[in-house]
2 protein chains.
Amino acid sequence: MHDVSAVETALHGLRTLIADGSLQPGDRLPSEGVLSERIGVSRGSIREAIRTLSALGVVETRRGAGTFVGELRAADMIRTLALTVGLLPLESILELFELRRVLEAHAASLAAARCDDAAVSGLSTILDRLETSTDVDEQSALDHEFHMAVARLGGNESLGAMVSVLRSRSRAYPVPLTDETKRISDAGHRTILGAVTAHDPVAASVAAAAHVAQSEVWLREHRPAPEIIG
Amino acid sequence: MHDVSAVETALHGLRTLIADGSLQPGDRLPSEGVLSERIGVSRGSIREAIRTLSALGVVETRRGAGTFVGELRAADMIRTLALTVGLLPLESILELFELRRVLEAHAASLAAARCDDAAVSGLSTILDRLETSTDVDEQSALDHEFHMAVARLGGNESLGAMVSVLRSRSRAYPVPLTDETKRISDAGHRTILGAVTAHDPVAASVAAAAHVAQSEVWLREHRPAPEIIG
DNA sequence: AGCGGCGATCTGTAGGACAGGTTTTACCGG
DNA sequence: CCGGTAAAACCTGTCCTACAGATCGCCGCT
């Protein structure tokens with residue numbers, strides 16, 4: 001056994017404080033100075049350990065106030081992937097389409113089972129705006145909004161977060177929107193909405209899977225160059 | 001707009017270097033000293049930015065040698081969630097069971113479509129050992145091994161990584177294994193293997209979903225206290 | 001009691017110093 | 001010319017000090 005580095009020691013110490021219940025969600029961590037003294041490593045090492053936990057969504061730091069344990073919700077941690085998914089090459093994105101297809105299909109089926117009239121009305125409004133929009137960026141935003149609304153209707157926050165992460169990167173590889181593709185895309189949205197409105201989970205699932213698969217086909221055909229996303 | 005912090009500046013700089021292709025997977029980053037001078041922030045801030053990317057699986061550091069861009073594979077980044085999932089409370093785990101059910105079911109259907117005789121033989125061997133084992137830890141390990149083997153058979157590395165992450169935490173909330181539960185669990189495994197062997201994707205999917213759902217039911221019934229996992 | 005200000009505390013950042021690794025270079029013997 | 005070894009250059013890991021800027025809390029004043 002090689003000896004453990006100072007940052008690893010700090011990380012282990014912090015993780016244990018949270019895992020054993022000493023620190024509950026929302027609690028403030030001891031100050032960096034105190035932690036430094038208690039764990040026996042320098043303040044810099046403590047900070048690096050906190051950075052690690054912060055990157056993973058476990059804690060969040062407020063300057064001047066302190067570092068606080070996060071809510072420890074699965075969705076928060078899944079969302080931390082968004083930053084890194086933005087760096088993936090096209091091949092990896094295509095690999096992730098399989099997850100996206102499965103999860104969006106499931107979310108659509110849940111939405112069909114659970115949605116109410118207000119939700120249907122909201123979805124319909126989004127599609128109205130999307131179909132009449134002429135601005136590409138707006139179309140992309142509305143498309144994302146529609147799919148996220150469907151995913152949220154499923155009622156599982158982690159599922160929504162996962163879909164959001166998977167979708168975020170696809171937008172970095174823009175498929176050129178011709179009249180033809182937009183027509184097909186719009187029709188796909190209406191099919192999903194129709195199945196959700198009819199409370200038909202199977203139809204909704206199939207429609208969502210088909211819609212995602214269609215996007216994947218376009219992406220494989222065009223293989224656009226990546227755009228850097230802030 | 002408040003001004004951007006030094007670490008954020010460093011993070012943005014590093015992220016851009018990777019996103020715009022200046023740094024390819026496997027490449028070595030400029031040394032911390034050089035980055036510090038080039039980006040215009042202190043070495044400490046550079047290190048914190050690198051820690052962030054390291055925590056997310058984007059780069060990896062080797063002492064004395066340098067920091068290198070990772071392979072930028074989706075599976076690697078998904079795996080970084082394992083550390084944080086280990087801190088989630090039971091409620092979050094139950095929420096994640098929905099994802100697990102959907103993804104494992106899909107993985108099983110893929111496995112059924114794609115597996116060969118050697119794979120079936122390997123899976124069967126695992127179950128043989130699992131069914132005759134009397135050691136709880138060994139049973140847990142073999143159970144995990146079986147499910148991961150099935151997930152890998154799906155051929156999608158990201159899917160396997162996701163299933164692995166989702167499963168890793170469940171093991172921290174151990175359901176007491178009675179003769180009854182073990183019998184049901186073993187039968188579930190055999191059902192999955194049978195469907196996979198028969199190349200019946202639908203049956204495999206249903207069997208896997210049922211198996212995961214059964215685990216969820218047990219977990220909801222017993223609600224065991226968490227065990228801290230190293 | 002309410003309020004304002006001031007001090008204590010905390011994070012953010014910079015810079016220097018050194019230990020302990022790794023890689024490259026230069027030198028020397030064959 | 002080649003191989004091997006030792007030194008030098010380089011890099012990350014860690015600690016220390018110092019100070020700026022933000023935030024919080026206490027105390028005294030009205």
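**Core, symmetry and burial in a predicted two-chain model**

Q: What makes Ile18(A), Val58(A), Leu103(A), Ile18(B), Val58(B) and Leu103(B) stand out in the largest nonpolar core?
A: In this predicted model, the largest nonpolar core holds 96 residues, and these six are the ones that touch the most other members. Membership of such a core requires a buried nonpolar residue joined to others through side-chain atoms within 4.5 Å.

Q: Which residues distant in sequence does Val58(A) contact?
A: With neighbours within four places in sequence set aside, Val58(A) is in contact with Ile18(A), Leu53(A), Phe68(A), Val69(A), Gly70(A), Leu72(A) and Met77(A), and also with Thr84(B) and Leu87(B).

Q: How do you know that the two copies are related as by a two-fold rotation axis?
A: Chain B is superposed on chain A by a rotation of 180° with 0.0 Å of shift along the axis, and the RMSD is 0.1 Å. The relation is therefore that of a two-fold rotation axis. The contact surface agrees with this, in that 100% of the contact residues of chain B recur in chain A and the same surface serves both copies.

Q: Why is Leu81(B) called buried?
A: The relative accessible area of Leu81(B) is 2%, and the cut-off for a buried residue is under 20%, so Leu81(B) counts as buried. Leu81(B) belongs to helix H5 (residues 81–85) of chain B, and beyond four places in sequence it touches Met77(A), Ile78(A), Thr80(A), Leu81(A) and Val165(B). Its C-alpha lies 8.9 Å from that of Met162(B), although 81 residues separate the two in sequence.

Q: Why does Arg51(B) count as partly exposed?
A: Arg51(B) has 26% relative accessibility, and the partly exposed class runs between the limits of 20% and 50%, so the residue is placed there. Arg51(B) is part of helix H3 (residues 43–55) of chain B, and its contacts, apart from neighbours within four places in sequence, are with Val7(A), Glu48(A), Arg51(A) and Thr52(A).

Q: What makes Ser109(B) a buried residue?
A: A relative accessible area of 15% falls under the 20% limit, so Ser109(B), found in helix H6 (residues 90–114) of chain B, is classed as buried. Outside four places in sequence, Ser109(B) touches Pro201(B), Ala204(B) and Ser205(B).

Q: What makes the phi of His199(A) noteworthy?
A: Most residues other than glycine have a negative phi. His199(A), which is not glycine, has a positive phi near 55°, and His199(B) likewise has a positive phi of about 55°. His199(A) sits in the loop between helix H10 (179–197) and helix H11 (201–222) of chain A, and at 42% relative accessibility it counts as partly exposed.

Q: How are helices H6 and H8 of chain A arranged, and which residues make their contact?
A: The axes of H6(A) (residues 90–114) and H8(A) (residues 136–153) come within 7 Å and cross at roughly 65°, and the crossing is left-handed. On H6(A) the contact is made by Glu104(A), Ala107(A), Ala108(A), Ala111(A) and Arg114(A), and on H8(A) by His147(A), Val150(A), Ala151(A) and Leu153(A). By class, these residues divide into six nonpolar, one polar and two charged.

Conventions
Residues are numbered from 1 along each chain as its sequence is written. Chains are lettered from A and ligands numbered from 1 in the order in which they are written. This is a predicted model: local features need pLDDT of at least 70, side-chain atom pairs count only at pLDDT 80 or more; totals for chains, interfaces and linings use all residues. Side-chain values use heavy atoms; hydrogens and water are left out. Axes are lines fitted to C-alpha atoms, for helices over the stretch in contact, and angles run from 0 to 180 degrees between N-to-C directions. Helices (H or I, at least four residues) and strands (E, at least two) are DSSP runs, numbered from the N terminus. A crossing is left-handed if the near helix is turned anticlockwise from the far one by less than a right angle, and right-handed if clockwise. Contact means heavy atoms within 4.5 Å. Ala, Val, Leu, Ile, Met, Phe, Trp, Tyr, Cys and Pro count as nonpolar, Asp, Glu, Lys and Arg as charged, and the others, Gly among them, as polar. Buried means under 20% relative accessible area, exposed over 50%, partly exposed in between (1.4 Å probe, protein chains only). Copies are superposed by least squares on the C-alpha atoms of residues with pLDDT of at least 70 in both.
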